[in-house]
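Trainee: I would like to go through this model with you, from the whole fold down to single residues. Could we take it one question at a time?

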Amino acid sequence: RAADPSLPNMVPRAQWAQYQPNTSGMKPDSTKGQFRLITLHHTGSESTPEEVEALQRGHESTAHYLERAVNAGLHGREPEHYGFDDVGYNFLVALDGTIYEGRSLQYEGAHVSNKVVGNKNPGNIGIAFLGDYSSNPLSGAQIKSADALITRLNNFYGIPSRNPTGDYIHTHAEFDPARHSELAGASDQIERLRRRIYARQP
């Protein structure tokens, strides 16, 4: 079952998504709700859920691709190639704190996987902050919404109970060193968020 989208500032996927997911190509191995991890991301140059979906579903414009290619070249790497069956994240959080429902929790996400780290997507809920926070902090509204969302997911799925160490909220950079700049500008905020959520657990 999917998370109950009852938070007042959550926009259901059907109200914003431009494309239907290709569920035939998605792995339904999260239907039991055996979630063990939550991974936090930022979306970089994409600041709206529609832009993220267009990029990840293979519908980005030529101009946008060229912009990504130039930016990647400045960092000595190739631009990423997508073509996902649906947006890779389960939730996206806008600057004003609005939460957009992304890929259904009934299906494995597509947000932490490559040849270096392997596939970390099973049992892993992906939450992405819309925008680039390599050097800038998150807004107070984003932190507040992330806190409420993670608390809701914990209450619904019992994520902390599947983590004996108690450490289950991670950033993409913690899995993949190549992502060292992702959310770097918000590192202190995220650490405080983690501590606050962990402190509320029984």
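Trainee: What share of the 202 residues in the protein chain is buried?
Mentor: We should keep in mind that this is a predicted model. The protein chain exposes about 10100 Å², of which carbon and sulfur atoms supply 51%. Of its 202 residues, the buried ones make up 46%.

Trainee: In what order do the elements of the protein chain run from the N terminus on?
Mentor: The protein chain has 5 helices and 8 strands. Among its contacts between residues at least 6 apart in sequence, 74% join residues at least 24 apart. Read from the N terminus on, the elements follow the order β-β-α-α-β-β-β-β-β-α-β-α-α.

Trainee: Which strands stand at the edges of the open sheet?
Mentor: The open sheet is formed by 6 strands in the order S1-S4-S3-S7-S2-S8, and its pairing is mixed. A strand at the edge has a single partner strand, so one side of it is left without a neighbour in the sheet, and this holds for S1 and S8.

Trainee: Which residue of S7 is the bridge partner of leucine 37?
Mentor: Strands of a sheet pair through backbone hydrogen bonds, either parallel or antiparallel. S2 and S7 run parallel and are joined by 6 bridges. The bridge partner of leucine 37 in S7 is asparagine 124.

Trainee: And on the S3 side, which residue of S7 is the bridge partner of valine 93?
Mentor: Strand S3, residues 91–93, also runs parallel to strand S7, residues 124–129, and 3 bridges join them. Phenylalanine 91 has isoleucine 127 as its bridge partner in S7. For valine 93, the bridge partner in S7 is phenylalanine 129.

Trainee: Which residues of S7 point the other way from Asn124, Gly126 and Ala128?
Mentor: In a regular strand the side chains alternate between the two faces of the sheet. In S7, 6 of the 6 residues are buried, so the strand is largely enclosed by the rest of the structure. Asn124, Gly126 and Ala128 point one way, and the residues that point the other way are Ile125, Ile127 and Phe129.

Trainee: Is helix H1 largely enclosed by the rest of the structure or largely open, and which of its residues are buried?
Mentor: Helix H1 covers residues 49–56, and 6 of its 8 residues are buried, so it is largely enclosed by the rest of the structure. Just after H1, glycine 58 takes a positive phi of about 85 degrees. The buried residues of H1 are Pro49, Val52, Glu53, Ala54, Leu55 and Gln56.

Trainee: Do the buried residues of H5 line one face of the helix or opposite faces, and which exposed residues does the face turned away carry?
Mentor: The buried residues of H5 are Gln189, Ile190, Leu193, Arg194 and Ile197. Seen down the axis of H5, they fall within an arc of 135 degrees, so they line one face of the helix. They pack against strand S2 (37–42), helix H3 (140–157), strand S8 (169–171) and H4. The face turned away from this buried side carries the exposed residues Asp188, Arg195 and Ala199.

Trainee: Which residue that is not a glycine has a positive phi, and is it buried or exposed?
Mentor: The residue is leucine 183, whose phi is about 65 degrees although it is not a glycine. Its place is in the loop between helix H4 (172–175) and helix H5 (187–199). With a relative accessible area of 3%, leucine 183 is buried.

Trainee: How many residues apart in sequence are the parts that phenylalanine 35 and tyrosine 157 tie together?
Mentor: The structure holds 4 aromatic pairs. In one of them, the rings of phenylalanine 35 and tyrosine 157 have their centres 4.8 Å apart and their planes at 80 degrees, so the pair is edge-to-face. Because phenylalanine 35 lies in the loop between strand S1 (10–11) and S2, and tyrosine 157 in helix H3, the parts that this pair ties together are 122 residues apart in sequence.

Trainee: Is tyrosine 157 buried or exposed, and what cluster do the ring pairs form with Phe35?
Mentor: Tyrosine 157 counts as buried at 7% relative accessibility, and phenylalanine 35 is buried as well, with a relative accessible area of 3%. The cluster that ring pairs link together consists of Phe35, Phe156 and Tyr157.

Notes
Residues numbered from 1 in each chain as written. Predicted model: local features only at pLDDT ≥ 70, side-chain atom pairs only at ≥ 80, totals over all residues. Heavy atoms only, no water. Helix = DSSP H or I, 4+ residues; strand = E, 2+ residues; numbered from the N terminus. Buried < 20%, exposed > 50% of the residue type's maximum accessible area, 1.4 Å probe, protein only. Contact = heavy atoms within 4.5 Å. Areas by Shrake-Rupley, 256 points an atom, 1.4 Å probe, with all protein chains shown as cover. Arc of directions from axis to C-beta. Phe/Tyr/Trp six-rings, centres within 6.5 Å; stacked < 30°, edge-to-face > 60°. Pairing = 2+ DSSP bridges.
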